[in-house]
Each structure stands twice: as structure tokens, then as C-alpha cells.
Amino acid sequence: GVGSLITTRLSTTINQIFCFGSRNSNKYIFEKGVSIKSNYYGNTKYIPSQIIQEEDKLDLIFITLKGYRLFSALEHYRSLFTKNTIVVSLLNGLGHRELLRQKLGLKLIVGTIGSLEISLDKNRIAIHKTNHSPTIEIATAENNLKEDLEFVNDLLNKISLKSKIFENEDL
């Protein structure tokens with residue numbers, strides 16, 4: 001749901017987008033794409049033009065999968081990350097931050113997404129039910145990521161996902 005929304009909105013930019021998850025999910029996305037039906041954003045389908053390769057390096061990752069799948073997914077794709085990879089975690093729950101920051105050494109921005117009702121139908125099409133943009137609040141506890149935080153905030157606003165920076169030193 002949330003991943004489909006972010007992917008289809010990012011597809012309106014010049015950025016190269018890779019979607020990845022489980023082997024079955026990757027196959028489905030590459031063959032059939034990511035689709036969303038939205039009264040607010042319209043109906044969009046994005047089909048990746050490339051499958052991510054081992055030699056590719058990622059600048060920015062939005063994590064929207066279920067928390068219990070996080071570690072195995074990140075370990076599988078670890079070769080795609082560099083010390084400059086920015087991760088925006090939209091995961092619920094606790095404990096994910098330490099895994100991302102300490103065990104994998106990734107630059108971490110955490111976010112919450114509100115004012116959003118979205119679900120996948122039986123055909124894996126995301127149905128965005130709210131008639132407005134969701135609100136995404138992002139923050140980081142790392143002082144050296146302020147520029148990255150501004151970059152992500154500007155990108156989200158550019159793709160019509162309302163974003164604001166939340167100042168919180170206790171992350």
C-alpha cells in the first residue's frame with residue numbers, strides 16, 4: 001500500500017526507481033508493475049525498466065515493508081548500500097532504528113505517515129481511499145543528516161506527499 005503510493009509518486013520524477021522485496025514480489029513487480037487507484041492522485045501504473053543488479057548502489061531507500069521482514073530483506077540487499085545511502089523508515093514499532101543505524105551502518109531518517117487509508121486489493125493494486133495527500137513527518141537524531149533530511153523533505157513535497165520535518169532529539 002504505502003510502498004505503492006511512494007513508488008508511483010516517485011515515478012513522476014527523473015529518479016531511477018528500483019522496487020525490491022521477496023523473490024516472488026520482485027518477479028511480480030517487474031512483470032506487472034506497481035499500480036494505484038486514487039481519487040486524489042489519479043490512477044497510475046509504474047513498471048520498472050530495470051531489475052536491480054548487484055553492482056548498483058542506492059542513494060535513497062524508503063522502507064515500507066512489514067517489520068518482521070526487515071532484517072532478512074536488508075541482509076539480502078546489503079551489497080546495494082554504501083555509507084552514503086539514506087534510509088527513510090516508515091515502519092511502525094520499536095527496535096528497527098537500532099538495526100538500521102548500528103548493525104547496517106545506514107544513515108537513518110525515521111518517519112510517520114498519517115491521514116492515509118490505503119490497501120491492496122486482490123490484484124495487488126493499491127487503493128488510496130482518502131481524498132487528500134497523506135502527511136509524512138520525518139526526523140533524525142543524527143546532527144550530520146540535516147542536509148539529507150532537507151533533501152528528503154523537499155523530494156516528498158515535490159511529489160505531492162505533504163512532508164514536514166519534526167524536530168526530535170530523542171530518536
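Colleague: Where along the chain is Ser-160 found?
Modeller: Ser-160 lies in the loop between α5 and β9. Helices (H or I, at least four residues) and strands (E, at least two) are DSSP runs, numbered from the N terminus. The model is predicted, and local features need pLDDT of at least 70, side-chain atom pairs count only at pLDDT 80 or more, while totals for chains, interfaces and linings use all residues. Residues are numbered from 1 along each chain as its sequence is written, and side-chain values use heavy atoms, with hydrogens and water left out.

Colleague: What is the sign of phi at Ser-160?
Modeller: Phi is positive at Ser-160, about 65°, although this residue is not a glycine. Most residues other than glycine have a negative phi.

Colleague: And how exposed is Ser-160?
Modeller: Ser-160 is partly exposed, with a relative accessible area of 34%. The cut-offs are these: buried means under 20% relative accessible area, exposed over 50%, and partly exposed in between (1.4 Å probe, protein chains only).

Colleague: Which residue in the loop between β6 and β7 should I look at?
Modeller: Arg-124 is found in that loop. Arg-124 is not a glycine, yet has a positive phi of about 65°. With a relative accessible area of 39%, Arg-124 is partly exposed.

Colleague: Which ring does the charged end of Arg-124 sit over?
Modeller: The charged end of Arg-124 sits over the ring of Tyr-28, 4.6 Å from the ring centre. A charge sits over a ring if NZ of Lys or CZ of Arg is within 6 Å of the ring centre and within 35 degrees of the ring normal.

Colleague: What do β6 and β7 form together?
Modeller: They form a hairpin with four residues between the two strands, and Arg-124 is in the turn. Strand β6 (residues 118-120) pairs with β7 in the antiparallel sense over three bridges. Two strands pair if DSSP finds at least two bridges between them. Ser-119, for instance, has Ile-127 in β7 as its bridge partner.

Colleague: Does β1 run parallel or antiparallel to β7?
Modeller: Strand β1 (residues 34-38) and strand β7 (residues 125-128) run parallel, joined by four bridges. Ser-38 has His-128 in β7 as its bridge partner.

Colleague: Changing topic: how many salt bridges does the structure hold?
Modeller: The structure holds four salt bridges. A salt bridge is a side-chain nitrogen of Lys or Arg within 4 Å of a carboxyl oxygen of Asp or Glu. Side chains of opposite charge can pair when their charged atoms come close.

Colleague: Which residue forms a salt bridge with Lys-27?
Modeller: Glu-31 does, with the closest N and O atoms 3.7 Å apart. Both residues lie in helix α2 (residues 23-32), four residues apart, which is about one turn of the helix. Lys-27 is exposed, with a relative accessible area of 51%.

Colleague: And which residue does Lys-164 bridge to?
Modeller: Lys-164 forms a salt bridge with Glu-137, the closest N and O atoms being 3.6 Å apart. This pair links distant parts of the chain, since Lys-164 is in strand β9 (residues 162-165) and Glu-137 is in strand β8 (residues 135-139), 27 residues apart. Lys-164 is partly exposed at 44% relative accessibility, and Glu-137 is partly exposed at 27%.

Colleague: What about Lys-146: which residue forms its salt bridge?
Modeller: Glu-167 forms it, with the closest N and O atoms 3.8 Å apart. Here too the pair links distant parts of the chain: Lys-146 is in helix α5 (residues 146-158) and Glu-167 in the segment after β9, 21 residues apart. Lys-146 is partly exposed, at 30% relative accessible area, whereas Glu-167 is exposed, at 55%.

Colleague: How many helices and strands does the whole protein have?
Modeller: The protein has five helices and nine strands. Buried residues make up 42% of its 171 residues.

Colleague: What radius of gyration does the protein have?
Modeller: The protein has 15 Å, which agrees with the value near 16 Å for a compact globule with 171 residues. The radius is taken over C-alpha atoms, and the globule rule is 2.2 Å times the number of residues to the power 0.38. The C-alpha atoms fill a box of roughly 40 × 35 × 30 Å, taken along the principal axes.
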